[in-house]
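Subject: Handing over the structure

Dear colleague,

I am passing this structure on to you, and you will find the sequence and the coordinates just below. Please look through them before reading my notes.

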Amino acid sequence: MAWEFETEPEYEEQLAWMRGFLREEIIPIETLELTYDQVVALVRPLQEEVRRRGLWAAHLPPELGGMGFGQVRLGLMHEILGQSPYGPLVFGNNAPDSGNAELLAVGMELTGREDIRSRWLEPLLAGTMRSAFSMTEPNTAGSDPKLLSTQAVRDGDEWVINGRKWYTSNGSVADILIVMAVTNPDVHPYQGSSMFVVPVGTRGVTIVRDVGSMDDPSVTYGRFGNHAEVTYEDVRVPADHLVGPEGGGFALAQARLGPGRIHHCMRWLGQSQRAFDMMCERALSRYAHGSLLSEKQTVQNWIADSRAEMQAARLMTLHAAWKMDREGAAAARVEIAMIKYYGAQVLYNVIDRSLQVHGSLGYSTDLPLEAMYRWARAARIYDGPDEVHRQTVARQTLKAYAPSLRRSWS
């Protein structure tokens, strides 16, 4: 079966417009020292322009206020937006709000509860509400969510939640928290967890701190809220704050993470392309030891290797998106796992080489490379560490083989 990544001429025109819009309107914002409220005011007219172009919240189907683009077209879009940390915000598909909107949409579909749309989904899409995803815990391995210790117990018409989370993305600036907790410890962990919407102002919710990390809070990402540590102490929420069916937490998480990994990988390609462009321009303009850097074999090797790796990662990611569009996320499980660890390594490699070509300038905050370098290191951890995805690929691959009938030499 042939792979088909080409899109309609009308969408190609939209992609061309996005490239120019990002270059002329979005990237210049990065040089400004702004508070979060100032950022919101500055990007609002840009967001309105995106809406007029019919590109707002494109990850959701039309009946939920999005565009229903499918993963291939979304991937091509994210490849452009990923060049700037402000890109997803301007287009209404910034994490974690975009993933949480998908969670709420799936929950609404599974339960038939239309109230989810007006209470949480529409405000998220309108940008009048901010959300956080609260799953990872400090005392259990994030790579093995079956070990979750946060619990929710039914008490009449309410759920009572107790536990401690950290790396709750945007927790310190969110209006609502989507919390994953164990609701039935007596069944298999895959059927024993659920998700809840918890308003930040609920009694017993404490935002302990923003966890210090390599994501320097003085740079762009930090202005949108960092990764918060949150405690839940006898937090009571109404029964209708359950997202999806009871016990459906893992199914919801997979529905959220599959498309999200494709989008991440395409955004990484956008960041890689930006670093690659900077490397090539620097190589053609910097003179040292008798020649331009572009004339030195080592630098030429870096450029050639980077281009090949980026092309491979791009084709792998688009193939995963294509397969997901045609057969669903479950069928594309191996392809999604491969792009997660391969794409993260390509991102790191290209940025590292570009920084090296720029020397001390690349190490300074005069260029975005030092911040991109730090963010690239995190890519090998979040959405599941690389080692877990490699294990998934290996196990699924080996299912197609059988042991040799011949006795091996010892």
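The notes that follow describe a helix pair, the nonpolar cores, two helices further along the chain and some backbone details. Please keep in mind throughout that this is a predicted model.

**The pair α5 and α6**

I began with helix α5, which covers residues 97-111, and helix α6, which covers residues 115-126; they pack at an angle of about 160°, and their axes lie 9 Å apart. Since angles over 145 degrees count as roughly antiparallel, α5 is therefore roughly antiparallel to α6. The crossing in which α5 passes α6 is left-handed. On the side of α5, the contact is made by D97, N100, A101, L104, A105, G107, M108 and T111, while α6 brings I116, R117, W120, L121 and L124 to it. Sorted by class, the residues in this contact are eight nonpolar, three polar and two charged.

Just ahead of this pair there is a detail of the backbone that you may wish to look at, for the peptide bond from A95 to P96 is cis, with omega near 0°. P96 itself is found in the loop between α4 (87-90) and α5.

**The nonpolar cores**

Which residues have the most contacts inside the largest nonpolar core? They are M18, M77, F91, L104, L121 and M195, in a core that has 90 residues. Helix α7, running over residues 249-285, gives the most to this core, with 13 residues. Two of the residues named for their contacts, L104 and L121, also take part in the contact between α5 and α6. If residues up to four places away in sequence are not counted, L121 touches L60, L64, A101, L104, A105, M108 and I116. There is also a second, separate core of 17 residues, which includes W159, A181, V230 and V237.

**Helices α9 and α11**

Further along the chain, seven of the ten residues of helix α11 (residues 369-378) are buried, so α11 is largely enclosed by the rest of the structure. The buried residues in α11 are L369, E370, A371, M372, R374, W375 and A376, so that charged side chains are found among them as well as nonpolar ones. One of these residues, M372, has its C-alpha atom 9.3 Å from that of D352, although the two are 20 residues apart along the chain.

D352 belongs to helix α9, which spans residues 333-358, and D352 is partly exposed, its relative accessible area being 30%. Is E335, which has its place in the helix α9 as well, buried or exposed? With a relative accessibility of 12%, E335 counts as buried, and, leaving aside its neighbours within four places in sequence, E335 is in contact with H319, A320 and K323.

**Positive phi values around β3**

Finally, I would draw your attention to Y167 and N170, each of which is a residue other than glycine with a positive phi. Y167, whose phi is near 50°, has its place in strand β3 (residues 158-169) and is partly exposed, with a relative accessible area of 32%. N170, whose phi is near 65°, lies in the loop between β3 and β4 (176-182), and, at 6% relative accessibility, N170 counts as buried.

With kind regards

Technical notes: Residues are numbered from 1 along each chain as its sequence is written. This is a predicted model: local features need pLDDT of at least 70, side-chain atom pairs count only at pLDDT 80 or more; totals for chains, interfaces and linings use all residues. Side-chain values use heavy atoms; hydrogens and water are left out. Axes are lines fitted to C-alpha atoms, for helices over the stretch in contact, and angles run from 0 to 180 degrees between N-to-C directions. Helices (H or I, at least four residues) and strands (E, at least two) are DSSP runs, numbered from the N terminus. Angles under 35 degrees count as roughly parallel, over 145 as roughly antiparallel, 65 to 115 as roughly perpendicular and the rest as oblique. A crossing is left-handed if the near helix is turned anticlockwise from the far one by less than a right angle, and right-handed if clockwise. Contact means heavy atoms within 4.5 Å. A nonpolar core is a set of buried Ala, Val, Leu, Ile, Met, Phe, Trp, Tyr and Cys residues joined through side-chain atoms within 4.5 Å. Buried means under 20% relative accessible area, exposed over 50%, partly exposed in between (1.4 Å probe, protein chains only).
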